[in-house]
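Trainee: Could you walk me through this one, please? I'd like to start with how the copies relate.

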There are 2 protein chains.
Amino acid sequence: MVGVRQFDEQEVIALALNVFWRKGLGEATMQDLAEATGVQRGSLYNAYGDKEAIFLRAFDRYAADFLASVENLLANGDVATRLRNFLDSAIVNMTGGSPPRGCLTTRTALNAGIASEAVRGRVQHLLGELERAVGKAINAAPDGPALPEANRLARVVVTFTRGLAVMERAGYSRKQLKESAATFVDALIGGA
Amino acid sequence: MVGVRQFDEQEVIALALNVFWRKGLGEATMQDLAEATGVQRGSLYNAYGDKEAIFLRAFDRYAADFLASVENLLANGDVATRLRNFLDSAIVNMTGGSPPRGCLTTRTALNAGIASEAVRGRVQHLLGELERAVGKAINAAPDGPALPEANRLARVVVTFTRGLAVMERAGYSRKQLKESAATFVDALIGGA
DNA sequence: GTCATTATTGACGATAATGTCAAACTTGAC
DNA sequence: GTCAAGTTTGACATTATCGTCAATAATGAC
């Protein structure tokens, strides 16, 4: 390797992820990324091609981390406990930062009409993986339902988390979201 | 009145609503609005001031119409029937058009971080009104729960509809959304 | 019919973002 | 040390959007 890259790729992608998380794919500019990473625009174009390529790398990292964390939280307890842990984690994820960053997946999905096929594919894939993980987890719980029903419920749960992400953007507080999530689980599982 | 407006305000706002619905407040340009309405950019600036003012008028119309329609659908039947009607209406609303337009409220909420205080306020107000209408309706149903619980459930239901809107943008079909909604109501009410 | 008032029009300058490129620079390989 | 390969840099042309404005046109009031 001769002409060697002057910046740490991992770090640049992490910093870029933060920009996309706060502004969204459409609103973030190459200038934003250059400022946040300390790498000039020209270098970013040379290294990655365009903004979307950077976004895809950042999103892939985000998706892998989030999914791994979720699988871990879904591993133990009865159905209600697993769902509570999953929903809490999603709420913490979207209300983190100051000001809160919201949910990257949801923001990206909302621009799916504008974004490219590749971006749409990543969102769909992550949502599918979440459904799969939740379905598997509630099916495997000691009091879990049988498989086709578990998968239907998983989709409802994932859909509900997307709703929480929208409500967060609309101004609902972490506390309000947690209360809604608790009501949801109680009503869904019949624990109330 | 001396120099009189050359265009029909109602029609222009309706055409503008369609543009915002398809593109979102941030992505729609004054040029888009000018082309869709047949009114030149300069005239739009003269008549309304800026893009956001046009958006607020369009959104207010949309919100009033949607809310009126929803209140109507929530007026009869047991809790499950009322919720099914409400969810179906939301799904039809967001999957209408070709290609589907999605949900204007949800798209707008996702840009709330960027948008102005006035825009955020409209979104919050509409969501609040929806919660109020749903809470009142399920409380008033023959088999409806008492009030504090009805309101908590209403928030869960409204949150779920926001989730449906996100899933629609992610590529889920009307049929898939309806199936999810049915599972949701069955599980929530215990009708399954 | 005249006029005052308002709307319309098209052009203008400003700003911001994109993508590209040649020149300069850096560095590992030999 | 020299060199070739790849990176960095700053500048450039292009495109898009915004908001404004002076000139022109239209019309209700009298």
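Mentor: Chain B can be laid on chain A by a turn of 180° and a shift of 0.0 Å along the axis, with an RMSD of 0.0 Å, the copies being superposed by least squares on the C-alpha atoms of residues with pLDDT of at least 70 in both. That is the relation of a two-fold axis. In chain B, Gly163(B) has the C-alpha nearest the axis, 1.8 Å from it. This is a predicted model, in which local features need pLDDT of at least 70 and side-chain atom pairs count only at pLDDT 80 or more, while totals for chains, interfaces and linings use all residues. Residues are numbered from 1 along each chain as its sequence is written, and chains are lettered from A and ligands numbered from 1 in the order in which they are written.

Trainee: Through which surface do the copies meet?

Mentor: They meet through the same surface, because 100% of the interface residues of chain B are also interface residues in chain A.

Trainee: And how many helices and strands does chain A have?

Mentor: The secondary structure of chain A comes to nine helices and zero strands, where helices (H or I, at least four residues) and strands (E, at least two) are DSSP runs numbered from the N terminus. Along the principal axes, the C-alpha atoms of chain A fill a box of roughly 60 × 35 × 30 Å.

Trainee: What share of its residues is buried?

Mentor: Of the 192 residues of chain A, 43% count as buried, a term for residues with 20 or more other C-beta atoms within 10 Å of their own, whereas 12 or fewer makes a residue exposed and anything in between partly exposed, with C-beta atoms placed from the backbone.

Trainee: Switching to the DNA, which residues come nearest to strand D?

Mentor: Gly3(A), Gln6(A), Gly42(A), Asn46(A) and Met30(B) come nearest, out of the 22 residues around DNA strand D, where a residue is near if its C-beta atom, placed from the backbone, lies within 6 Å of the strand. The elements giving two or more residues to that surface are helix H3 (41-48) of chain A together with helix H2 (30-37) and helix H3 (41-48) of chain B.

Trainee: Which element gives the most there?

Mentor: H3(A) does, with four residues.

Trainee: One last residue: is Asn72(B) buried or exposed?

Mentor: Asn72(B), which lies in helix H4 (residues 51-73) of chain B, counts as exposed because it has 11 C-beta neighbours inside 10 Å. Asn72(B) and Ala133(B) are 61 residues apart in sequence, and their C-alpha atoms are 9.9 Å apart in space.

How values were computed: Two residues are in contact if their C-beta atoms, placed from the backbone, lie within 7 Å.
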